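Good morning, colleagues. I would like to use the next few minutes to go through one structure with you, beginning with its ligand surroundings and then turning to the fold.

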Amino acid sequence: MNTAEVLDIFRSAGAVLEGHFILTSGLRSPVFLQKARVFMHADKTERLCKALAGKIRAEVEGPIDYVVGPAVGGLIPAYETSRHLGVPAIWVEREQGVFRLRRFEIEKGARVVIVEDIVTTGLSIRETIDCLRDLGAEVLAAACIIDRSAGKTEVGVPLIALAQYEVPAYPADKLPPELAALPAVKPGSRAL
Ligand SMILES: O=P(O)(O)OC[C@H]1O[C@H](OP(=O)(O)OP(=O)(O)O)[C@H](O)[C@@H]1O
Ligand SMILES: O=C(O)c1cc(=O)[nH]c(=O)[nH]1
Ligand SMILES: [Mg+2]
C-alpha cells in the first residue's frame, strides 16, 4: 500500500481536518489527521494494519514477542497489527503524564515492536522506548501508519512508516498570520 492509498482511506473517513491544531509536541499545524475517524471502521483499519504488519515482517529480523501501542492513539492500530503478526498486543498509558506498562508484565529481554498511529516529532515513540527499556525490553523497531515528518524524525530505532506525508508544523511563537487568525484546538489526550 502506498502513501496515496493510505491518504485516500483517511480522506474517505473524513479524517483529514483543516484548521488550527495544537499537537502533542506543542507545535501548531493547519492539518490534523484524526485517526479515530479511520479506526472507527474495522474494514479500513484492517487494510491499513495488514499492510503495516507486512512491512514489519519484511524489515524486522527474528521473532517478535509483543507489539506495544502507546495509548490512546496507538491502541487500535497496535491491536490490529498484532493480529496480522500473530503476536500479543499490550499498551503503555500515561500515569501522571509518564508512559507506564500498568496492566502487564514482560520478561527481561522481551523483543518488542512499537506500533503508533501518527508520528510528528517522534516524542511519543521516544517516551515509549524509555519506558520499555527501563523494563529490560529490547525495542526492535517502531512502526506507524503515517509519518508526518516524511522520514526526518529519528527515534533511535528503525522507524517503519506505512505512509510518509509531510505536513507543516510551527512553534507557537512563529505562526503564519492565517493560522494565528484561527482559534486553536487540541484534539489529543496528552495532559488532559
Ligand atoms: O510524534 P509526536 O510529536 O509525539 O506526535 C504523535 C503523537 O501524537 C498523538 O498522540 P497524543 O498525545 O496527541 O494523544 P492520543 O494518542 O490520545 O491521540 C499521536 O497519537 C501520537 O502518539
Ligand atoms: O502531532 C500530533 O500530535 C498529531 C498529529 C496528527 O495529525 N494527528 C494526531 O493524532 N496527532
Ligand atoms: Mg498518541
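Strand 6 is the element that contributes most to the shell around ligand 1, supplying 4 residues. Please keep in mind that we are looking at a predicted model. In total, 17 residues surround ligand 1, and the closest are Val72, Gly73, Ser124, Gly188 and Ser189. Two elements, strand 6 and helix 5 (123-134), each give two or more residues to that shell. How does the shell around ligand 1 divide by class? There are 9 polar, 5 nonpolar and 3 charged residues.

Turning to ligand 2, the surrounding residues are Leu23, Thr24, Ser25, Phe32, Leu33, Lys35, Gly73, Ile118, Thr120, Arg148 and Gly188. By class, this shell comprises 5 polar, 4 nonpolar and 2 charged residues.

Let me now move to the sheet. Its 6 strands form an open arrangement in the order 5-4-3-6-7-8, and the pairing is mixed. At the edges lie strand 5 (98-100) and strand 8 (159-164), each of which pairs on one side only. On average, neighbouring strands are turned by 25° against each other, with direction ignored. Strand 3 (residues 66-70) and strand 4 (residues 89-95) run parallel and are joined by 4 bridges; in strand 4, valine 92 is the bridge partner of proline 70.

Finally, the helices. Helix 4 (residues 75-85) packs on the sheet, where it touches strands 3, 4, 6 and 7, and its direction makes about 165° with that of strand 3. Helix 3 (residues 42-59) lies across strand 6 (111-119), strand 7 (138-147) and strand 8, running at about 140° to strand 8. Thank you for your attention.

Note on methods:
Residues are numbered from 1 along each chain as its sequence is written. Chains are lettered from A and ligands numbered from 1 in the order in which they are written. This is a predicted model: local features need pLDDT of at least 70, side-chain atom pairs count only at pLDDT 80 or more; totals for chains, interfaces and linings use all residues. Two strands pair if DSSP finds at least two bridges between them. Axes are lines fitted to C-alpha atoms, for helices over the stretch in contact, and angles run from 0 to 180 degrees between N-to-C directions. Two residues are in contact if their C-beta atoms, placed from the backbone, lie within 7 Å. A residue is near a molecule or strand if its C-beta atom, placed from the backbone, lies within 6 Å of it. Ala, Val, Leu, Ile, Met, Phe, Trp, Tyr, Cys and Pro count as nonpolar, Asp, Glu, Lys and Arg as charged, and the others, Gly among them, as polar.
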